[in-house]
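Please take a moment to look over the sequence and the model before reading on. The paragraphs below lead from one pair of charged residues outward to the rest of the chain.

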Amino acid sequence: MTTRHMVPTEWGGPAVSSGTRQLSAIVARDDSRGAVLIAFEGELTLRSAARARAVITKALAECPVVVIVSLDRVRIAHDGALAVFVAPRWRAGHSPEAPLLLVARPSVASRLRVLNRGVRVHATLDRALVAAGDLRAASRWEHLRLDAGPLAASFARSIVGDACTGWEAHDLLYSARAVISELVNNAVEHGGTPIDVTVTLRHPYLYLVVADGNPSPARLRAVSASDPSAPLAERGRGLQVVEAETYRWGCAALPQGKAVWAALRLAA
């Protein structure tokens, strides 16, 4: 399946290619809304549904406020393949959850609702964007792109600290700053590419996501001294801090690189 990525200044409708039976997708991100639009086109089969799931999973791993999936240009070869769009809970492993809004013509919408009555299907992209705006009002979202330099972690701590203060998540201020610092430092050291930092508040969790261009997954390792002659120069402590300070964390593959995310639970 072909996947292309765009960041349009405005969404006037799903910009998809035509004239192909193979399922393809365009992924567009709107940073001003904290939203991701995925426009599929082509034939949806049981086999291509697995690929569609992979595209949606990657979008969700970036922890947007909402993901909008357009099926306007999709031909349904097997009704069972539609189940990929109506799963009650979407996660990349145990990644941050995000609302999933569908755009589909009435004949497809009715088939989706047979699989799940509660699925949110809109007749047009404009209506889905209105619904996404309502979700945006109920969530909080900040995004920052950083160069992989010595000040990256400092800038990331600042945006996270300001977010926690502004969103009245005061109980998470220390932990969130510590976690984002470790995630960004890891991205600087091992990625060496521009870094995208996302902070999302969706009760009852504060989500932190750090994406870089290195596809190698982040793995929890035992703390060890990298140089026997310098026993205090420990390695591997970063993700140990993340493990200790978060409710859960994980790593998801992206089209170019990976996203490491962490969820911190707000006090009741």
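**A walk through the predicted model**

Lys258 and Asp212 are both buried, and in this predicted model their side chains meet in a salt bridge with a distance of 3.0 Å from N to O. The pair links distant parts of the chain, since Lys258 belongs to strand E13 (residues 257–265) and Asp212 to strand E9 (residues 205–212), 46 residues apart.

How many salt bridges does a search of the whole structure find? The search finds 4, and another of them joins the side chains of Glu43 and Arg75, at 1.8 Å from N to O. Glu43 lies in strand E3 (residues 35–44) and Arg75 in strand E4 (residues 66–76), so this pair ties together parts that are 32 residues apart in sequence. Is each partner buried or exposed? Glu43 has a relative accessible area of 16% and is buried, because buried means under 20%, whereas Arg75, at 43% relative accessibility, counts as partly exposed.

A further salt bridge is formed where the side chains of Arg111 and Asp79 meet, at 2.6 Å from N to O. Here Arg111 lies in helix H2 (residues 106–115) while Asp79 lies in the loop between E4 and strand E5 (100–103), so the pair ties together parts that are 32 residues apart in sequence. Arg111 is partly exposed, with a relative accessible area of 28%, and Asp79, at 39% relative accessibility, also counts as partly exposed.

Arg111 leads the reader to the helix that holds it, H2. Which residues of H2 are buried? They are Val108, Ala109 and Leu112, and because they cover an arc of only 100° around the axis, they fall on the same side of H2. On the other side of H2, Pro106 and Val114 are exposed. The cover over the buried residues of H2 includes E4, E5 and strand E6 (121–122), and E4 is also the strand that contains Arg75.

The aromatic residues offer another way into the structure, which holds 3 aromatic pairs. In one of these pairs, the rings of Tyr205 and Tyr207 have centres 5.8 Å apart and planes at 45°, so the pair is tilted. Tyr205 and Tyr207 are both buried, and together with Tyr247 they form one aromatic cluster. Charged side chains also take part in this region of the description: the charged end of Arg248 sits over the ring of Tyr205, 5.2 Å from its centre, and Arg265 lies over the face of Tyr247, at 5.8 Å from the ring centre.

Finally, it helps to step back to the chain as a whole. The secondary structure of the protein chain comes to 6 helices and 13 strands, and of its 268 residues, 48% count as buried. Among contacts in the protein chain with a separation of 6 or more, 61% are accounted for by residues 24 or more positions apart. The protein chain exposes about 12,900 Å², of which carbon and sulfur atoms supply 51%.

Notes: Residues are numbered from 1 along each chain as its sequence is written. This is a predicted model: local features need pLDDT of at least 70, side-chain atom pairs count only at pLDDT 80 or more; totals for chains, interfaces and linings use all residues. Side-chain values use heavy atoms; hydrogens and water are left out. Rings of Phe, Tyr and Trp (its six-membered ring) pair if their centres lie within 6.5 Å; planes under 30 degrees apart count as stacked, over 60 as edge-to-face and the rest as tilted. Buried means under 20% relative accessible area, exposed over 50%, partly exposed in between (1.4 Å probe, protein chains only). A charge sits over a ring if NZ of Lys or CZ of Arg is within 6 Å of the ring centre and within 35 degrees of the ring normal. Helices (H or I, at least four residues) and strands (E, at least two) are DSSP runs, numbered from the N terminus. The arc is that of the directions from the helix axis to the C-beta atoms. Contact means heavy atoms within 4.5 Å. Accessible areas come from the Shrake-Rupley method with a 1.4 Å probe; for residues, only the protein chains shown count as cover.
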